[in-house]
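Colleague: Got a minute to walk me through this one? I'd like to go chain by chain.

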Amino acid sequence: MNHAFSYDVPIYLQIMEIFIGQILRGERARGDQMPAVREVAMIYGVNPNTVQRAFAEMDRLELTRSERTSGRFVVASDEMIRALRAEQSKEAIREFIGRQKALGMSCDETIDMIRKGWIDE
Amino acid sequence: MLRKLIALDMRAFARQLQWIAPIYGLLLLSALLLRGFNLPVVGVVAYVLALIGTALLIPAVLVLGIVRYYRHLYSHQGYLTHTLPVTASQRYHGKLISGSIMYAAATLMALAGVAVLMMTKGIARGDVFGKILVFFRGVESILAYLNISSFAAALFLLGVWLVIFLSTFALYSLCITAGMGRLFSRMGMGGPFIVYLLVTLINQVAGVVSFLLIPLSLRIAVAGDGIRLKIVVGFALRQLLEMGFKNQQMTFDELMTLGGGYVDFGLGSIVIGLAFIVFSYFFTKRQLAKVNLR
Amino acid sequence: MSKLLEIQELTRRYGPRRGVENISFALKEGEIVGLLGPNGCGKTTLIKLVMGLLQPDSGSVLIQGRVPREAHHLISYLPENTYLGEWMAMEEAFRIFGDFYADFDRAKAERMLGEFQLDSRQPLKTMSKGMQEKAHLALVMSRHVPLYILDEPMSGIDPAARQSILDGILQNYNPGSSLLLSTHLISDVEMLFDRVVFLDDGYVRLDRYVEDLRAEEGRSVDEYFRRLYAPAKGGVHAS
């Protein structure tokens, strides 16, 4: 097991997060085959039904599609990926802004900090 | 599946025999050599030890049967035995049949042992089989006295031999199965002992009652030079009452004269014994289907 | 999904003591269910009733419509303590399983034993508790059956060995089969379950899908039970 799940959030959501992240970063491109449910279950040490649920949810979001005979493939279009990336990015930024405000940071200060940080990374 | 259950038991028995057989063999061999060549003291000691070993052989195998019955069905191993895909009656019959095979094996070993012990004295004299021949001649004359054919005698002995095993099995299987049942669930190993005491008590009472109520007797009658045995329908008690209880210390001949040429012995307790075997068979088999393991 | 195991209003008492009390639940095909609760809460009693090793006072157990004593070919059972003779090596145990269970996959059992780095000729009595547990697991998981019932497969075992036992279960149970696993160590295994049934003093205190529980309570199963259980016991001195 090379991934630490937090047990207080549904595991299937965390598995979705892992695979959606891979798709967003382009590690799994359109047309790539997804690993088998059982294989994923074993790698992460989780219940196969949980993995199945995560994948079914990704199918529902039309990020992947299960072909009866040949397995499950990534089918997310570039448009969809862009939209999803934007959505998740917005979500992360909203959270981030909330925290900066709580620290008493202004918008300009924050942006300066980000610039500096981005270059250092 | 029954065959596999028996094979499983036989493997367990073979493991126990690994200890018993060599020890017993060694006892016999030492008796044969030491006594055979007339070594003083050591020879007698070896002979007596082998004799004790022979006498204990069959009881020991019966006790091992009890241990196996308990272990396989009621100890932690019971969790496996009772979850194998076989029926309760197969489990029961498996124990019954494997137990009888082991009993037969022990009997054969003991008989071989007796033959060896009979041979010990003859070795030094060069007359190895002398004692065995004498033994058979003795048996022949007894059979003639009793007016029994050797076939009937063999059949009778076989019957007795079998009943010894069956009644032992009937007793311990019932005691363990009932004693490890729900009723005694908090008594540990006490359960089987309590059932044993109860069964013994009931058998005693039933023996007395059966003597009074079951009209079946063994009649021993004078016939020429010997006697004749016969099973008759009738109460032995009647003759006993007719004869009165005059003298406890009578010779056999006086008894015969008093009885009018015959004496009856009640067979009621034997009937009860056989009935117990049948009862135990059905009862225990049924109880085995509804185990409550601890 | 149809019902594989159906328990209805099952009660079994030990004299005045409670064993299990009016328990009803069903196991669907393909489900992995955790039977949880502190020691002595009735988990083993319930499992023994399902295996036909105990007789109920009332209620019923059906496995694919069969009563327990006619369903042993459908269930692969790992008892709380060993059910093998302590003199036995796994070779003999494999032979017994091969003899009696048509669904026993000996090659798989030997492979698992190899993965656990155990020797099939080593007698059980010379093995550590962890080794014994692994050896039993190799035996039990190598049957192809619709239902696996594992009673406390990880008690008394150090955490490192626990993980390999968990992996052994997950990697070797038959896809599509159901698994009922009892344990009092919730945190180690909660990733494994679809559903948990929590027993408390013989009663079913809770029967819930774990992902629903996490979503609705925002807590791990372990944490949820700690909170649920602690107040009932006075909330002090958790041992």
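Modeller: Happy to. By contact I mean heavy atoms within 4.5 Å. This is a predicted model, where local features need pLDDT of at least 70, side-chain atom pairs count only at pLDDT 80 or more, and totals for chains, interfaces and linings use all residues. Residues are numbered from 1 along each chain as its sequence is written, chains are lettered from A and ligands numbered from 1 in the order in which they are written, and side-chain values use heavy atoms, with hydrogens and water left out.

Colleague: Good. How is chain A divided into domains?

Modeller: Into domain 1 (11-74) and domain 2 (78-120); such bounds come from an automatic or database domain assignment. The C-alpha centres of these two domains of chain A are 28 Å apart. Across the divide, 6 residues of domain 1 of chain A are in contact with 5 residues of domain 2 of chain A.

Colleague: And which domains does chain B get?

Modeller: Domain 1 (1-147), domain 2 (148-212 + 270-294) and domain 3 (215-266). Taken over C-alpha atoms, the centres of domain 2 and domain 3 of chain B are separated by 30 Å. Contacts there link 4 residues of domain 2 of chain B with 6 residues of domain 3 of chain B.

Colleague: How many helices and strands in chain B?

Modeller: Chain B has 10 helices and 3 strands, which read along the sequence as α-α-α-α-α-α-α-β-β-α-α-β-α. Those are DSSP runs numbered from the N terminus: helices are H or I with at least four residues, strands E with at least two. Along the principal axes, the C-alpha atoms of chain B fill a box of roughly 65 × 55 × 35 Å.

Colleague: What about charge in chain B?

Modeller: There are 24 positive and 8 negative side chains in chain B, with the centres of the two sets 25 Å apart. Lys and Arg count as positive, Asp and Glu as negative, and His and the chain ends are not counted. Each charge is placed at NZ of Lys, CZ of Arg, CG of Asp or CD of Glu.

Colleague: Switching to interfaces, which chains share the most contacts?

Modeller: Chains B and C, out of the 2 pairs of chains in contact. Chain A and chain B do not touch, and their nearest C-alpha atoms are 28 Å apart.

Colleague: Any residue you'd pick out to look at B and C? Say, B:Leu84: where is its place?

Modeller: B:Leu84 sits in the loop between α3 (78-81) and α4 (88-125) of chain B. Leaving aside neighbours within four places in sequence, B:Leu84 is in contact with B:Leu5, B:Arg91, C:His72, C:Ile96, C:Phe100 and C:Tyr101.

Colleague: Does B:Leu84 count as buried or exposed?

Modeller: B:Leu84 counts as buried because its relative accessibility is 1%; buried means under 20% relative accessible area, exposed over 50%, and partly exposed in between, with a 1.4 Å probe and protein chains only. Over chain B, buried residues make up 38% of the 294 residues.

Colleague: What about backbone oddities, like phi of B:Val41?

Modeller: Phi of B:Val41 is near 60 degrees, a positive value in a residue other than glycine. B:Val41 is in the loop between α1 (2-36) and α2 (42-74) of chain B, and counts as exposed at 62%. Phi of C:Gln117 is also near 60 degrees; that residue lies in the loop between α3 (106-115) and α4 (129-141) of chain C and counts as exposed at 72%.

Colleague: Last one: how many disulfides?

Modeller: The structure holds 0 over all chains, a disulfide being a pair of cysteine sulfur atoms within 2.5 Å. As for cysteines, A:Cys107 is exposed at 55% relative accessible area, while C:Cys41 is buried at 2%.
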